[in-house]
Amino acid sequence: MKKLPSYLCVGTLLFSVLAFGESSHPKLSPELRDANLPDNLELLVRLKVRPTPAAVDKAVKAGHVVKDILKLTRTLVLSTTKGKLKKLEDDPDVTYVSRNRPVRPLLDYSVEAVGGTIARSYGRTGQGVGIAVVDSGVDPHVDLTKDGRSRIVYAESFVPGSTGKSDSDVLDRFGHGTHVAGIAAGSGAASAAAGSPHNLRGIAPGANIVSLRVLDNQGTGSDATVIAAILRAIDLKDKYNIRVLNLSLGRPVFESWQSDPLCLAVEQAWQAGIVVVTAAGNEGRNNSVGNEGYGTIVSPANHPMVITVGAMKSMSTFGRGDDLIATYSSKGPSAVDHVVKPDLVAPGNRVASLLYGASDSLAVTYPENIVPPSYYGGSASSASYMWLSGTSMAAPVVSGAVALLLEAEPALTPDRVKARLMKTASKQFPTASFSTDPITGVTYHSQYDLFTVGAGYLDIAAALNNHDPATGGAYSPQAVIDPVTGHVVVNWNAWSSGTSAVWGTSAMWGTSAAWGTSAVWGTNVFLSGTSAVWGTSAAWGTSTTQGYSAVWGTSAMWGTSAAWGTSAVWGTSLLGKGE
């Protein structure tokens, strides 16, 4: 089997189709081949073997500053200068060099829409399952306690200048991580007063939280801090029964997932038996190169192993029948490798979840998003919840669902969990929908194709009631262009060699057709009787358009300038107002 390597952005990122000269500098990541690099660089240097004291000493003698050692991914974090890149590239012990890239973060109705209340009637709460939340920290909200004891069983910060386990290090000053943890595992205690009109409970209110802080007070992080947190989750897996890793954060795709350092770290977690759930990204409105939001999946959501989640709008109703895709939800296929993503969609628009302090950055920036206590029958003197929007919010809905499945069947592997969630997801969607931004007046068109909704809308009750046995890897397949017909078709076994994927014609699910492609993805996303992908968008279906070239090219589409500015990441209306 090929080696599988593996963050959430909100707003509008700058696109440009870049040809990086892959063959002339194979060890350097695309952005390190730019002649206009700054003099001072922070790098992730991957070695052939795990770093030894001799390797560290060699780096120091070469004039580099060793900032960190990430042994499991064979990586040194170095502070160095542009002039030393050539020697690193020529070093026979070095396999790949990339920048330490910046990363950013990307329920009452939500729980009902995905069948969470039915799961509760089965007695499933995620009891005893550990969910690692790699984010801005998690605060000790009353909704994350049980019998007076905190369900945050471990907390550590990897943020430079604030590393450690003390309260001052691990608390969430941004507000994103606490909100995410509440969606996955909040108990709704602060909204459970008698006669409360809305009980704002999370999906798995019995699960435990392992808080691994990687984003600072303004929501900024880096590859190195996230990788270090992922490796800590692997170390702590058995001690805290960490079975789920939630990544509601991300950054642009710069290279193949087979070289991306984030992807390599996420793969380690998956292979250690941890289900990795990632946000797809919030670039579905991006049409900067005529791509209509296609090809905007972020890293590490582009990894074929992980569960990548897009966002739906619950339309402020309890049933799912009127729910629509959020137009900002990023669409596949992934850049460079054309992995079919997202895998699932779940509620992510205007989701009410935990707010610990009104001084948190997000609460200060979006005070109008603080849920009034009258909404849930709380005390008028304090607010305990906040509305936020994005695929950041959709991912923990799925993480909570995974905890429920693993409570019910602890022996499930990550691949089985992913395949079951995809197969049992609801396939009932309209053909298309439209949404007009009230601020800009722009109307966005959404097509419910494979690259927009994946295998469908999360259905927890259906997943809990499905017990189909299975073997094989649940790698998200690859989309390719059929050179004869010009159609986009699916290569079901693109990432395996000698091991079949769980779907497609060589599925390893036994002899029945229960796990064929139509069972997993439904019949509406393919042209009748073929593996050709249904859809009419010129962005990915017509070779004469600019968007087509951007989506189906082999270079990274993400620009390197202004991509992570505050206004670009959060936008002016998305996170705060939703859709």
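The following paragraphs describe selected features of a predicted model, moving from its sheet and helices to its salt bridges and its less usual backbone geometry.

A convenient place to begin is an open sheet. Four strands make up this sheet, arranged in the order 2-3-1-4 with antiparallel pairing. Strand 2 and strand 4 (94–99) form the edges, each pairing on one side only. From one strand to the next, the twist averages 25°. Within this sheet, strand 1 (residues 40–47) and strand 4 run antiparallel and are joined by 5 bridges. One pairing can be followed at residue level: R46 has Y96 of strand 4 as its bridge partner. The link between strand 2 (65–70) and strand 3 (75–81) is a loop, and R74 is found there. The backbone of R74 deserves a look, as its phi is positive, at about 55°, although R74 is not a glycine. With a relative accessible area of 29%, R74 is partly exposed.

Turning to the helices, helix 7 and helix 9 (residues 261–271) pack with their axes 9 Å apart and at an angle of about 10°. Helix 7 is therefore roughly parallel to helix 9. On the side of helix 7, the contact is made by D223, V226, I227, I230 and I234. Helix 9 contributes P261, L262, A265, V266, Q268 and A269. The spacing of such contacts can be read against a general property of helices. An α-helix has 3.6 residues a turn, so residues three or four places apart point the same way.

Helix 12 (residues 414–424) offers another view of helix packing. Of its 11 residues, 10 are buried, so helix 12 is largely enclosed by the rest of the structure. The buried set includes the charged residues D415, K418, R420 and K423. It also includes P414, V417, A419, L421, M422 and T424.

Salt bridges come next, and the structure holds 17 of them. In one of these, the side chains of R232 and E156 meet at 2.7 Å, N to O. Because R232 belongs to helix 7 (residues 223–235) and E156 to strand 9 (residues 152–157), this pair ties together parts that are 76 residues apart in sequence. The two partners sit in unlike surroundings: R232 counts as partly exposed at 26% relative accessibility, whereas E156 is buried, with a relative accessible area of 8%.

Another salt bridge links D260 with R251, and the closest N and O atoms are 2.8 Å apart. Here both partners are buried. D260 has a further partner in S299, since the two side chains make a polar contact at 2.8 Å. S299 itself is buried, with a relative accessible area of 0%. Its place is in the loop between strand 14 (275–279) and strand 15 (307–313). The backbone at this point is also of interest, for the peptide bond from S299 to P300 is cis, with omega near 5°. P300 lies in the loop between strand 14 and strand 15 as well. S299 thus brings together a buried position, a side-chain contact with D260 and a cis peptide bond.

A cis peptide bond also leads from K341 to P342, with omega near -5°. P342 is found in the loop between strand 16 (324–325) and strand 17 (344–347). On the other side of this proline in sequence, D343 takes part in a salt bridge with K341, their side chains meeting at 2.8 Å, N to O. D343 is buried, with a relative accessible area of 1%, and K341 is buried too, at 0%. Elsewhere, E31, R101 and E255 are joined into one network by salt bridges that share partners.

The loop that holds P342 has another backbone feature to point out. V336, which also lies between strand 16 and strand 17, has a positive phi near 75° in a residue other than glycine. V336 is buried, with a relative accessible area of 16%. A positive phi therefore occurs here at a buried position, whereas R74, with its own positive phi, is partly exposed.

How values were computed. Residues are numbered from 1 along each chain as its sequence is written. This is a predicted model: local features need pLDDT of at least 70, side-chain atom pairs count only at pLDDT 80 or more; totals for chains, interfaces and linings use all residues. Side-chain values use heavy atoms; hydrogens and water are left out. Helices (H or I, at least four residues) and strands (E, at least two) are DSSP runs, numbered from the N terminus. Buried means under 20% relative accessible area, exposed over 50%, partly exposed in between (1.4 Å probe, protein chains only). A polar contact is a pair of N or O atoms within 3.5 Å; within protein, one must be able to donate a hydrogen and the other to accept it, and residues adjacent in sequence count only if both atoms are side-chain atoms. Two strands pair if DSSP finds at least two bridges between them. Axes are lines fitted to C-alpha atoms, for helices over the stretch in contact, and angles run from 0 to 180 degrees between N-to-C directions. A salt bridge is a side-chain nitrogen of Lys or Arg within 4 Å of a carboxyl oxygen of Asp or Glu. Angles under 35 degrees count as roughly parallel, over 145 as roughly antiparallel, 65 to 115 as roughly perpendicular and the rest as oblique. Contact means heavy atoms within 4.5 Å.
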